[in-house]
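Reader: I have a chain in front of me and some questions about its fold. Can we go through them one at a time?

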Amino acid sequence: MSVYAIGDLHLHFQSELKAPGQQGGVWKNHEAVFMHHCGALLRPEDVLVLAGDHSWGRNMAECEKDFAYILSLPGRKVLLRGNHDMFWDAKKTAALNGRFEGRLFFLQNNYYPYRDYALVGTKGFTFEGPFYLNARRQVVDWDRAAEAHARQLVDRELARLRISFEAARKDGFRKYIMFLHYPPTNILERESAFTLMAEEYGAEQVVYAHCHGQSRFFDSIQGTLHGVRYRLVSGDYLAWQPQLILD
Ligand SMILES: [Fe+2]
Ligand SMILES: [Fe+2]
């Protein structure tokens, strides 16, 4: 029994593809490539965490075929909310869990038990700019209004993440893997409220997605910092091979 993770499937079986960069290269037939890798790797008892940005559909009706695909993947599927997941009203996570009970688990304000670990998580948020650069490509300023708005979103996501950790802790869990859709830090930060929360609870790993394309893969932390292992699992970074998180 193992835990695997990957993010950013960006499925669009019945909706419009809104990112032109997701057509060629590693994105070509990515649904089939990913399904093939999953079939070769995952056993029914394994857990597959899908770290957000599941579908380009704007609502549940536009996601039906995407959900049929996700349901057909092997393993027990745990879903995180991505910034593009319009079908997922943050206030209706319990309703989604009711609707897909026993088939999919939606991770927000709750946790998923795996052996003596709790898989905790939330969408997260990171202020990604715009940053303004000088001629030497040094950051000299940034969009302060966007940054102020980002602070509100970060606070809301931190509250949700704490609810997730506390629900697990209340049930006796002391070992945690923390999942985010957004990277825990932006290109200017060395730590953030999310990395501090991971350290506060003693999370062993922080697993995140959202960063697409060569130029974005190293926007945030990779490797070990203050005893926490950080891993990017966006699908194009992994070339659609699910990342082993826990064996
Ligand atoms: Fe994405
Ligand atoms: Fe995203």
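Reader: How many Å does helix H4 reach from its first C-alpha to its last?

Author: This is a predicted model. Helix H4 covers residues 144-170, which is 27 residues. At 1.5 Å a residue, 39 Å is expected. The helix comes close to that, with a reach of 39 Å.

Reader: Which residues of H4 are buried?

Author: An α-helix has 3.6 residues a turn, so residues three or four places apart point the same way. In H4 the buried residues are Glu157, Leu161, Ser164, Phe165 and Ala168.

Reader: What do the buried residues of H4 pack against?

Author: Their partners include one helix, H5 (193-201). The others are strands: S5 (111-114), S6 (117-122) and S9.

Reader: Which residue with positive phi follows H4?

Author: Look just past the helix, where phi is near 100°. The residue there is glycine 172.

Reader: Which strand gives the largest nonpolar core its largest share?

Author: That core has 57 residues. Val49, Ala51, Leu119, Tyr176 and Phe179 have the most contacts inside it. The largest share is 5 residues, from residues 175-180, strand S9.

Reader: Which residues is leucine 119 in contact with?

Author: Set aside neighbours within four places in sequence. Leucine 119 then contacts Val49, Val78, Leu107, Tyr111, Tyr112, Tyr114, Ile177 and Phe179.

Reader: What is the radius of gyration of the chain?

Author: The chain has 5 helices and 13 strands. For 247 residues the globule rule gives 18 Å. The chain is close to that, so it is as compact as a globular protein of that length, with a radius of gyration of 17 Å.

Note on methods:
Residues numbered from 1 in each chain as written. Chains lettered and ligands numbered in written order. Predicted model: local features only at pLDDT ≥ 70, side-chain atom pairs only at ≥ 80, totals over all residues. Core = buried A, V, L, I, M, F, W, Y, C linked by C-beta atoms within 7 Å. Buried ≥ 20, exposed ≤ 12 C-beta atoms within 10 Å, placed from the backbone. Helix = DSSP H or I, 4+ residues; strand = E, 2+ residues; numbered from the N terminus. Contact = placed C-beta atoms within 7 Å. Expected span 1.5 Å × (residues − 1). Rg over C-alpha atoms; globule rule 2.2 N^0.38 Å.
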